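Biologist: Please take one part of this model and go through it closely. I would like to see how that part relates to the rest of the chain.

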Amino acid sequence: DKSGSMGTAAGGVDRFQLAQRAVVETATTLTDRDAAGVIVFDVEAREVLPLQAAASFRGNVGDPWPAQPRGGTRLKPALELAIKQLATTDLPRRVLVLVTDGYVADADEATLRAVLAREGIELVALGVGPDADLATLERLAPPGQGTVLRVAAAAELPALMRQGLETRRASVVH
């Protein structure tokens with residue numbers, strides 16, 4: 001999942017395009033046992049790609065996303081939509097990758113953390129930029145089921161997204 005509020009940063013870097021590139025690059029690490037989807041959010045949550053098998057996802061995720069950043073960061077509706085999609089799968093392992101660059105005002109951390117824990121959904125949260133609300137992201141992550149990373153520069157996003165996902169995978173593989 002990624003925040004639609006990511007616009008163009010100083011220096012002309014389009015953070016929305018970098019976020020899409022990060023998702024495309026991370027998709028190459030998915031196995032045939034994986035499934036993935038994309039939800040973008042700003043003032044509302046919008047499904048770009050429904051949850052689908054990894055092979056289909058890899059084929060579809062590189063297409064232009066029909067979304068443009070519109071400002072604002074309402075995290076709760078995006079997380080609720082992602083949790084609903086993940087909770088309906090029979091996948092043995094569910095990892096929610098959250099990318100946000102904004103201030104999180106509506107998270108209701110305790111409730112969302114409880115739902116993530118109840119559904120067995122692990123959280124990889126990437127806070128992009130110096131103003132990312134890491135404290136809120138850390139309160140969202142269920143104990144033992146979360147990884148929170150600061151992305152200092154948007155250009156680091158692809159590598160850190162892959163790292164965050166691999167960190168969650170490694171916790172089960174070992």
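Modeller: T89 sits in the loop that runs between α3 and β4. The model is a predicted one. With a relative accessible area of 16%, T89 falls under the 20% limit and therefore counts as buried. A polar atom of the T89 side chain lies 3.0 Å from the backbone oxygen of L86. On the other side of T89 in sequence, the backbone nitrogen of L91 lies 3.5 Å from a polar atom of that side chain. Setting aside residues up to four places away in sequence, T89 touches L51 and R94.

The loop also takes part in a salt bridge. E122 pairs with R93, and their closest N and O atoms are 2.5 Å apart. R93 belongs to the loop between α3 (75–87) and β4 (94–100) while E122 belongs to strand β5 (residues 121–128), so this pair ties together parts that are 29 residues apart in sequence. The two partners can be described by their accessibility. E122, at 8% relative accessibility, is buried, whereas R93, with a relative accessible area of 25%, is partly exposed. Side chains of opposite charge can pair when their charged atoms come close.

The count of salt bridges comes to ten. Another of them joins E109 to R139, with 3.1 Å between the closest N and O atoms. This pair links distant parts of the chain, as E109 is in helix α4 (residues 109–119) and R139 is in helix α5 (residues 134–140), 30 residues apart. R139 is partly exposed, at 40% relative accessibility. Salt bridges with shared partners also join R21, E25 and R162 into one network.

R46 and D42 form a further salt bridge, with their closest N and O atoms 3.1 Å apart. Both R46 and D42 are buried. R46 brings us to strand β3 (residues 45–53), which runs antiparallel to strand β2 (residues 35–41) and is joined to β2 by six bridges. The hairpin between β2 and β3 passes through three residues. Within this pairing, I39 has E47 in β3 as its bridge partner.

V38 leads from the strands to the nonpolar core. Leaving aside neighbours within four places in sequence, V38 is in contact with V23, R46, E47, V48, L49, F57, V61 and W65. The largest nonpolar core has 28 residues, and those touching the most other members are V38, F57, V61, W65, L126 and L157. Two or more residues of this core come from each of α1 (15–27), β2, β3, α2 (54–60), β4, β5, β6 (146–151) and α6 (157–173). The largest share is that of α1, with six residues. Apart from this core lies another, of 20 residues, which includes L98, L112, L123 and L134.

As for α1 itself, its buried residues include F16, L18, A19, Q20, A22, V23, T26 and A27. Its 13 residues should span 18 Å at 1.5 Å a residue, and its end C-alpha atoms are 18 Å apart, which agrees.

To return to the starting point, T89 is buried and lies in the loop between α3 and β4, and R93 of that loop is paired with E122 in β5.

Key
Residues are numbered from 1 along each chain as its sequence is written. This is a predicted model: local features need pLDDT of at least 70, side-chain atom pairs count only at pLDDT 80 or more; totals for chains, interfaces and linings use all residues. Side-chain values use heavy atoms; hydrogens and water are left out. Two strands pair if DSSP finds at least two bridges between them. Helices (H or I, at least four residues) and strands (E, at least two) are DSSP runs, numbered from the N terminus. A salt bridge is a side-chain nitrogen of Lys or Arg within 4 Å of a carboxyl oxygen of Asp or Glu. Buried means under 20% relative accessible area, exposed over 50%, partly exposed in between (1.4 Å probe, protein chains only). A nonpolar core is a set of buried Ala, Val, Leu, Ile, Met, Phe, Trp, Tyr and Cys residues joined through side-chain atoms within 4.5 Å. Contact means heavy atoms within 4.5 Å. The expected span of a helix is 1.5 Å times one less than its number of residues. A polar contact is a pair of N or O atoms within 3.5 Å; within protein, one must be able to donate a hydrogen and the other to accept it, and residues adjacent in sequence count only if both atoms are side-chain atoms.
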